[in-house]
Amino acid sequence: MTQMTDPVDILSRLIRCPSVTPDEGGALAALEAMLAPLGFQVERPVFSGEGTPDVENLFARAGSSGPHLVFAGHTDVVPPGEISDWREGPFSAAIVDGELYGRGAVDMKGGIAAFVAAYGRHVAHHGAPAGRVSLLITGDEEGPAVNGTVQLLEWAKARGEDFNACLVGEPTNREALGDMIKVGRRGSLSAEVLVTGRQGHVAYPHLADNPVRAVVAIAEVLMAEPLDAGSERFPASNLEITSIDTGNPSVNVIPARARLFFNVRFSDRWTPESLKEELTRRIEAATASQRFRPGREAAAVEIVWRERPAEAFLTRDDALTQSLIDAIADVTGRQPELSTSGGTSDARFIKDYCPVVEFGLVGKTMHMANERVALSDLEELTRIYEAFIARWFAAHA
C-alpha cells in the first residue's frame, strides 16, 4: 500500500488545482488519487439547488465497522484577486524561505493535507485504526453553502453512515499552532429592514416623507442597548449595521425608500426565534417614536429575515475535546484555549449529526494575497492530527 505521509507534497498538489468556488478545479480528483492507495473508498456526489451552481463534493471512508471519526473540510477557495499582488503565483505552490505560497494554503487545503498525511503515518506506524475514518470534503464552503456540506451530510445519513465525532480542519489559531480550539460557535442572524416613505423635492419636505428619519431611529435603537453580557462559554452578542442605502443618486430629492441591513453574532442566551422577537420589538418601538418624525404617523416598515440563520452551539464531548487537547500538548507543549469566537463554519451543520470541534493552522494570511503556511507549521499540524487519531480511537477502544 502506497503511503501518503508528506503534507508538503500533498498540499502542493492541491494548491496547483485552481478550485475557486464553485469549480472543482481538479482538487477533488487529486485528493481521490491520494486517498485510494490508503484504502479509502471514495465517492464524489454532485448536488444541485435552485438558483445556485452545481457543486461536486467528496466522501471517503476507510474501515467498515466500529467507532467512526470524520474529518471535514473544503477544497474550494476564494478568488486570488489581483495576480500582481502576489509574490508568487496563487496556484504555483512555490516554496520561499520555508513557507509554501498559494490560495488555500491556510484556508483550508493545508488542513486537508495534514490530515491525509497524518492518517498515512498512522497506518504506516500502527496499522489502520480500529474503526472507521471518513473525510467529508465540500466544494461549496466559501460560496452559498447550499450544495455542499448540508446535502453531503444528508446523503451520507441516507446511506447509513453514522458519525461518532468530527474534526473540522479550519484555521483556528491566532498567533501560534496550538493556541486555540473551537468548541462551538456563536449564532448568526441577518435581516434587511425596508422603510417606505414618499419621494419629493427637498425644498418641499411637507409634501414628502423621508424614510431616512425612521432608518436613523431604527439604527439607533438596534445598537444602543447591548443584547447580553455573554455567558460562561460565549462572548457577548454583537449587532452591527452593515449597510444603509436609499438608492438615490440625487442631492435634491427625498428618497422614496431606504434599506438597512444588519447582522448579529449571538451567544447561547438566544435562539434565532427569541432574537427575532427582541429585534422586532426594538424596531417597532423605534418606528412608533416621534423623536425623528414629529407629527408623523409611524413609518411603513418591513423586516425581511435572511434564510438559514445559524444557531449558537457548544460541543460537550469530553473524549473528543480531551483527545485533541492532549495531542496538541504532546506536540507543542501548549494548552489551547477552548473558544467559541469567530465567524460561522460548516461545523454549524455537522453539530446536528455528531459532536464537532475545529482545529487547524494559524489563520493570519487566509483570504489575503500571498496566503502562505510555514512548512514547520504544516509538519507540526500533521503530527498533532496523527496523535489525535491515535488518542481518539484509544478512548473508544
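**Helix packing, a small sheet and a buried aspartate**

Let me begin with two helices: the axes of α1 (residues 7-15) and α9 (residues 375-395) come within 9 Å of each other and cross at roughly 110°, which makes α1 roughly perpendicular to α9. On the α1 side the contact is made by Pro7, Val8 and Leu11, and on the α9 side by Leu375, Leu378, Glu379 and Thr382. I should say at once that this is a predicted model, and please keep that in mind throughout.

Both helices bring us to a sheet. Three strands form this open sheet in the order β6-β7-β21, with antiparallel pairing, and the edge strands, each pairing on one side only, are β6 (95-96) and β21 (372-374). Between β6 and β7 (residues 99-101) there are two bridges in the antiparallel sense, and Val96 has Glu99 in β7 as its bridge partner. Helix α1 packs on this sheet, where it touches β6, β7 and β21, and its direction makes about 20° with that of β7. Helix α9 also packs on the sheet and touches β6, β7 and β21, but its direction makes about 70° with that of β21.

Turning now to helix α4, which covers residues 149-158, we find that Thr149, Leu152, Leu153, Trp155 and Ala156 are buried. These residues cover an arc of only 160° around the axis, and therefore they lie on the same side of α4, whereas Lys157 and Ala158, on the other side, are exposed. What do the buried residues of α4 pack against? They pack against the strands β1 (41-43), β2 (46-49), β4 (58-62) and β8 (132-138), and also against α8 (347-350). After α4 comes Gly160, with a positive phi near 90°.

Strand β2 has a partner of its own, since three bridges join β2 to β3 (residues 52-56), and the two strands run antiparallel. Gly49 stands opposite Thr52 in β3, and in the hairpin of β2 and β3, with two residues between the strands, Gly51 takes a positive phi near 80°.

Finally, I would like to show you Asp209, which sits in the loop between β13 (200-201) and α5 (211-224). Is Asp209 buried or exposed? Its relative accessibility is 13%, so Asp209 counts as buried. The side chain of Asp209 makes a polar contact, at 3.0 Å, with the side chain of Arg293. Leaving aside neighbours within four places in sequence, Asp209 is in contact with Gly197, Arg198, Ile254, Pro255, Arg293 and Arg296.

Notes:
Residues numbered from 1 in each chain as written. Heavy atoms only, no water. Buried < 20%, exposed > 50% of the residue type's maximum accessible area, 1.4 Å probe, protein only. Helix = DSSP H or I, 4+ residues; strand = E, 2+ residues; numbered from the N terminus. Arc of directions from axis to C-beta. Contact = heavy atoms within 4.5 Å. Polar contact = N/O pair within 3.5 Å; in protein donor to acceptor, adjacent residues only side chain to side chain. Pairing = 2+ DSSP bridges. Axes fitted to C-alpha atoms, helices over the stretch in contact; angles between N-to-C directions. Parallel < 35°, antiparallel > 145°, perpendicular 65-115°, else oblique.
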